[in-house]
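Okay, thanks for making time, everyone. I'll put the model up and then walk you through a few spots in it.

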Amino acid sequence: MRFVKSISLLLFAALLCAAQTQVPDTPAGHQLSAWLEAFNRGDRDNLRDFLQKNYPSGLERLDRDVQFREMTGGFDFKKLEESTPVKVVALVQERGSDQFARLTLEVEAAEPHPITSLGLRAIPRPADFPLPHLSQSELVTATRKEVERAVGSGHFAGAVLIAKDGKPIFSQAYGLADREHKTPNTLKTRFRIGSMNKMFTAIATLQLVQAGKLELNDPLGKYLTDYPNKNVASKVTIHHLLTHTGGTGNIFGPDFDAHRLELHALQDYVKLYGKRDLQFEPGSQWDYSNYGFVLLGVIIEKVSGQSYYDYVREHIYVPAGMTSTGSEPEDQAVSDRSVGYTKMDSGGQWKPNTDSLPYRATSAGGGYSTVEDLAHFAAALEANKLLNEHYTELLTTGKPGTPDNSYAYGFEDHKINGTRCFGHGGGAPGMNGALEICPGPGYVVAVLANMDPPAAGRVSEFIADRLPER
């Protein structure tokens, strides 16, 4: 009797598992299948026809959906989480990456069951879909295959480097640095790195703290005594700026667009935005603030007596052996600097990102580097050449009050498939980069692209997800 009961339980479990991996035979399930087929096909006219018939309110986001399909490659159904005749919640995975999403779709109860709502939300990879940790040789083989696939599908152009204990085990460049002149990307190509500059700014700040010239809990007004908004000056601390918890807001928008080429120095940003009040009480929320890191650059200049650019070159680039990293103005010729290419706001056609670039990078981002320089930077940081051991740990350890306590000082501190890594990404039209430093297994992953996000991020995630455990 007990044997029969065990067989029944096993059969039930098998049937339940099978049901979870199939789209349900319900009105909501049928619409889910039909939407996936139309979306995955990648044909704008076909998707428009489907939406007109089944989800008219979705037509307003047709162009975004077409761009989203281009970016993701479409979705594959993986698991059913919830099902009723009029609602289905399913897990799906992007065809072009390891990214999972939760798809929620609802339909009207009456025929022909048009869709009333459809939502997709990115989620961490579920535990029941684990990715394998590869051996080092398997990782190199898998990386080469994946990057070549991304290049072939038009989703990557740039450079990739993987280092183990400071020594490169994979380094390769792909695509063109300048499409007009057919100049290929190489390992010496300098790519714009966007917000990856925040790592340098955070290190510069902590160097001054380590030297006793700054205090993390001091308000910024102690150092910028003439800051226009006294509420900001008295309440926002250096710690708040480093962790994006100061409520200082962003710099991008109509004001930036109108004055983009007039913002030559960091102080010019303070003149433009310095009268703004706080968006929220410092320390009460987390909100990514490029302006906060601009202010850190201004503080570095004030305390050190050097320009931000001179300071990071002398105290970070030189000791780290970074010979190809900098932030020269865009109107100055920089050898080996790639042209960034974007499809954003261009009707789906690649074009140079020249019209979106600032006059010069800031302490919030926008400089340029190479994958080799980023590997040198990671090695110097881990060897405590830029900060002592205490401040290196303080720099890279996630802080309370940030999302999942995973944002440190200008570094993200997170686990990727169980492996702790820290680093930072950067992205803007025509540029994308990612650096992951994973001290446990001893790997560093540096990826740079002269294309729209998430070109580099996807490659970096693919590699980091599969790193050997030791």
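Quick bit of vocabulary before we start: when I say helix, I mean a DSSP run of H or I with at least four residues, numbered from the N terminus. And keep in mind that this is a predicted model.

With that, let's go to helix α6, which covers residues 197-210 and contains A204. Is A204 buried or exposed? It's buried, because its relative accessibility is 0% and the cut-off for buried is under 20%. So what is A204 in contact with, leaving aside its neighbours within four places in sequence? That would be I300, Y311, V312 and I316. Take V312 from that list: it sits 108 residues from A204 in sequence, yet the C-alpha to C-alpha distance is 6.6 Å.

Next, strand β16, residues 443-449. Here 7 of the 7 residues are buried, so the strand is largely enclosed by the rest of the structure. You can check that face by face: Y443, V445, V447 and A449 are buried on one side, and V444, A446 and L448 are buried on the other.

Who does β16 pair with? One partner is β5, residues 158-164, antiparallel, with 7 bridges. If you want a handle on the register there, I162 bridges to V445. Another partner is β15, also antiparallel and joined to β16 by 7 bridges. On that side, I437 has V444 as its bridge partner. β15 and β16 make a hairpin with 4 residues between them, and in the turn G442 has a positive phi of about 80°.

Now over to D413, in strand β13. D413 counts as buried, with a relative accessible area of 14%. What does its side chain have for polar company? There's a polar contact of 2.8 Å with the side chain of R420. A polar atom of the D413 side chain is also 2.8 Å from the backbone nitrogen of G398. Beyond four places in sequence, D413 touches T396, T397, G398, S406, R420, C421 and F422.

Okay, pockets, which I suspect is what you've been waiting for. The largest pocket has a volume of about 1300 Å³. Which elements give two or more residues to its lining? Those are β4 (115-123), β13 (412-416), β14 (419-428), β15 (431-438) and α15 (455-465). The lining has 42 residues, and the ones nearest the centre are Q99, E412, H414, I416 and E461. By class, that lining splits into 18 nonpolar, 14 polar and 10 charged residues.

The second largest pocket comes in at about 760 Å³. It's lined by 37 residues, with Q67, E70, M71, H155 and K343 nearest its centre. The elements giving two or more residues here are α2 (27-41), α3 (44-54), α4 (62-72), α5 (136-152) and α15. Which of them gives the most? That's α4, with 8 residues. The class breakdown for this lining is 15 nonpolar, 11 polar and 11 charged.

One thing to take away when you look at the two linings together: α15 turns up in the list for the largest pocket and again in the list for the second largest. That's my tour, so over to you.

Terms used
Residues are numbered from 1 along each chain as its sequence is written. This is a predicted model: local features need pLDDT of at least 70, side-chain atom pairs count only at pLDDT 80 or more; totals for chains, interfaces and linings use all residues. Side-chain values use heavy atoms; hydrogens and water are left out. On a 1 Å grid over the protein atoms alone, a cavity is a set of points where a 1.4 Å probe fits but cannot get out, and a pocket is an open set with protein on both sides within 12 Å along at least five of seven lines; lining residues have an atom within 4 Å of a point. Grid points are joined across faces, edges and corners, and a volume is the space filled by probe spheres set on the points. Ala, Val, Leu, Ile, Met, Phe, Trp, Tyr, Cys and Pro count as nonpolar, Asp, Glu, Lys and Arg as charged, and the others, Gly among them, as polar. Buried means under 20% relative accessible area, exposed over 50%, partly exposed in between (1.4 Å probe, protein chains only). A polar contact is a pair of N or O atoms within 3.5 Å; within protein, one must be able to donate a hydrogen and the other to accept it, and residues adjacent in sequence count only if both atoms are side-chain atoms. Contact means heavy atoms within 4.5 Å. Two strands pair if DSSP finds at least two bridges between them.
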